[in-house]
Amino acid sequence: MVERYSRGRVAFVAFNYIFLTLMAAICLMPLIHVLAVSFSSSQAAAAGYVKLWPVQFTFRSYEFVSSKKEFLDSMLITLQRVGIGVSLNMLLTVLIAYPLSKETSAFRSRTVYAWIFVFTILFGGGLIPLYMMVKDTMILDSIWALVLPGAVPVFNVILMLNFFRGLPKDLEEAAYIDGAGHLTVLWKIYIPLSMASLATVTLFSTVGHWNAWFDGLIFMNSPADYPLQSYLQTVVIQQDLSMFSVKSMERYSEINDQTAKSAQIFLGALPILLLYPFLQRFFIKGIVLGSVKE
Amino acid sequence: MKIRWTRKIGSLRTLPLHLMILPGLALVLIYSYGPMIGIAMAFERYIPTRGIAGSEWIGWDNFRYLLDMPDSMDILRNTIIISFMKIVAGLFVPIIVALLLNEVRKESFKRGIQTMIYLPHFLSWIILGGVLIDILSPTNGFVNDILGWFGIEPIYFLGSNSWFRIVLVTSDVWKEFGFNTIVYLAALTGINPSLYEAAIMDGANRWKQAFHVTLPGMLPIIVLLAVLSLGNVLNAGFDQVFNLYSPQVYETGDIIDTFVYRVGLVETQYGVATAAGLFKSVVSCFFVIAAYVMAYRIANYRIF
């Protein structure tokens with residue numbers, strides 16, 4: 001390959017590496033900036049000296065945040081929500097995807113069920129009717145309001161059922177002949193063979209519950225029940241300080257607004273930052289399998 | 001007699017399948033189909049204490065009220081313009097990045113870049129909104145600092161009607177371009193290597209290979225994703241707009257979803273908000289179905 005060493009090629013490769021590095025930097029820079037502000041002294045942050053490196057390095061904003069009851073409470077609610085919500089999402093995804101992955105000849109009602117679920121992505125009642133429904137089922141102000149309305153993630157169901165359909169049928173038939181029922185087949189054959197896809201769907205569901213904020217804002221009347229992102233929304237975006245207790249207000253005034261906010265923004269993103277690189281190879285495979293079909 | 005008997009065995013065999021679906025079905029019926037009853041509110045002067053059955057039926061009045069509002073055309077136009085700009089920008093950037101990443105021979109570099117550009121997709125608009133408000137600040141925001149080096153006056157990006165949509169589109173592309181490259185990269189690895197060999201035999205250089213082999217190879221998936229994204233043309237991004245906008249930029253930034261939120265849950269005009277929401281649901285439904293039908297016709301795409 002002569003062209004590999006041509007001058008144009010070398011220039012292109014150099015440009016390519018620089019350009020891609022720049023794109024990656026643009027993706028990371030804002031987070032680095034937030035991290036830098038959170039570790040800086042309040043004076044330096046207020047004066048606008050902090051760019052990508054902390055100025056007058058300090059842990060004070062983290063000390064402040066870690067002692068703030070509102071922040072810790074909301075974190076606890078989010079953890080609870082992720083625990084309940086993801087288990088429920090996964091259980092329902094698998095339980096719905098398995099029957100729907102059967103051939104219509106083996107499970108005639110499949111088409112009807114599939115349409116009932118798919119129709120919910122095409123048409124919805126809208127925000128106000130949903131709010132009324134949550135109110136009418138008496139789950140307003142409880143963790144169930146955050147978990148039940150989205151308990152069936154239809155897109156994940158479609159991803160899983162497409163994956164299930166690709167599994168070799170021989171294993172299943174052999175199991176039936178040995179006397180296995182549907183639950184055994186699902187548990188002993190489908191699930192062990194679908195770990196990559198299940199990991200993808202679990203990641204999506206976890207990220208979804210971790211990042212959700214709007215339902216917390218509208219279904220919880222008391223800010224004390226807000227999950228983390230709803231709490232952050234009021235503090236960081238609305239800059240509403242009325243939900244601080246008097247005690248933390250006093251300490252808040254000692255600390256610069258910006259450094260405390262940055263610390264909370266960073267902590268709100270941290271679990272995702274830690275979780276996703278490990279699951280990356282799964283979700284790439286999972287997305288490709290679920291979306292590009294031959 | 002015999003046929004009946006086997007049918008019974010057949011239904012016994014599928015009974016566990018029905019039972020498996022039951023809990024999910026119940027939840028969907030309550031929280032997805034239940035609210036569809038509430039759509040009746042769009043045709044009522046809804047009063048919460050009287051409920052849906054007890055409120056006064058007013059036919060199309062809520063819709064007429066919406067049409068007569070001075071802002072309603074602005075809101076519809078904003079929704080379509082913002083989401084259309086996002087669709088176009090969001091289509092091109094990932095294709096370019098995927099093509100460039102495909103030229104990288106060093107596997108570790110490629111993986112590293114991918115890990116970094118996927119990241120913003122997984123962060124919420126609360127986190128990114130907080131970051132954007134900070135770095136776009138006109139007083140000491142990062143972006144205005146950089147513009148300052150070139151002697152440009154500070155710009156109030158989030159408070160200016162001429163900049164707000166550009167901020168929305170740019171930040172949306174920033175959040176999603178990495179993640180959207182996944183599918184294009186997958187399409188690239190699916191291109192038959194013998195096509196490249198043939199092109200080289202014919203004397204094609206790298207650029208010609210890219211134009212005559214790579215791009216045509218990607219075309220089906222590009223068309224498919226473009227068609228499918230048209231189904232979402234009324235979803236301009238509630239999370240993003242809600243967390244970045246302010247009354248100053250309602251003129252260019254207010255979209256149907258944020259309008260429904262304000263009118264419904266803030267001003268508690270349930271009937272009017274439901275009517276606006278219903279309009280969006282019906283039109284969206286039409287677009288989504290049209291998109292799926294086109295995707296099936298053009299690319300033989302099925303959701304399952």
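These are my notebook entries on a predicted model with chains A and B.

**Ground rules.** I'm working with a prediction, where local features need pLDDT of at least 70, side-chain atom pairs count only at pLDDT 80 or more, and totals for chains, interfaces and linings use all residues. Residues are numbered from 1 along each chain as its sequence is written, chains are lettered from A and ligands numbered from 1 in the order written, and side-chain values use heavy atoms, with hydrogens and water left out.

**Chain A, overall.** I counted secondary structure first and got 15 helices and zero strands (DSSP runs, H or I of at least four residues for helices, E of at least two for strands, numbered from the N terminus). Of the 294 residues in chain A, 53% come out buried (under 20% relative accessible area; exposed is over 50%, partly exposed in between; 1.4 Å probe, protein chains only). I then looked at contacts (heavy atoms within 4.5 Å): among those between residues at least 6 apart in sequence, 68% join residues at least 24 apart.

**Helix H11 of chain A.** I picked out residues 195-211, a helix of 17 residues. From first C-alpha to last, H11(A) reaches 24 Å, close to the 24 Å expected at 1.5 Å a residue (that figure is 1.5 Å times one less than the number of residues). I also checked cover: 13 of the 17 residues in H11(A) are buried.

**Chain B, membrane annotation.** I looked up UniProt, whose unreviewed entry puts "transmembrane region" at residues 21-43, 80-101, 113-133, 217-238 and 270-295 of chain B (positions in the numbering used here, feature names shortened, annotations possibly inferred rather than shown by experiment). I checked two of these stretches against the model. Residues 270-295 of chain B are 100% helix, with end C-alpha atoms 36 Å apart. Residues 21-43 of chain B are 74% helix and 0% strand, and their ends sit 34 Å apart.

**Chain B, domains.** I have domain 1 at 12-57 and domain 2 at 71-299 (bounds from an automatic or database assignment). Eight residues of domain 1 and five of domain 2 make the contact. Their C-alpha centres lie 33 Å apart. The two domains of chain B bury about 470 Å², 85% of it from carbon and sulfur atoms (accessible area lost on being put together, 1.4 Å probe, summed over both parts). On the domain 1 side, B:Ile39, B:Met41 and B:Ala42 lose the most area, together 64% of what that side buries.

**Between the chains.** Which three residues supply the most of the area that chain B buries against chain A? I first noted the total, about 8,400 Å² between chain B and chain A, 76% on carbon and sulfur atoms. B:Tyr31, B:Phe122 and B:Phe304 top the list, with 10% of chain B's share. The contact takes 88 residues from chain B and 99 from chain A.
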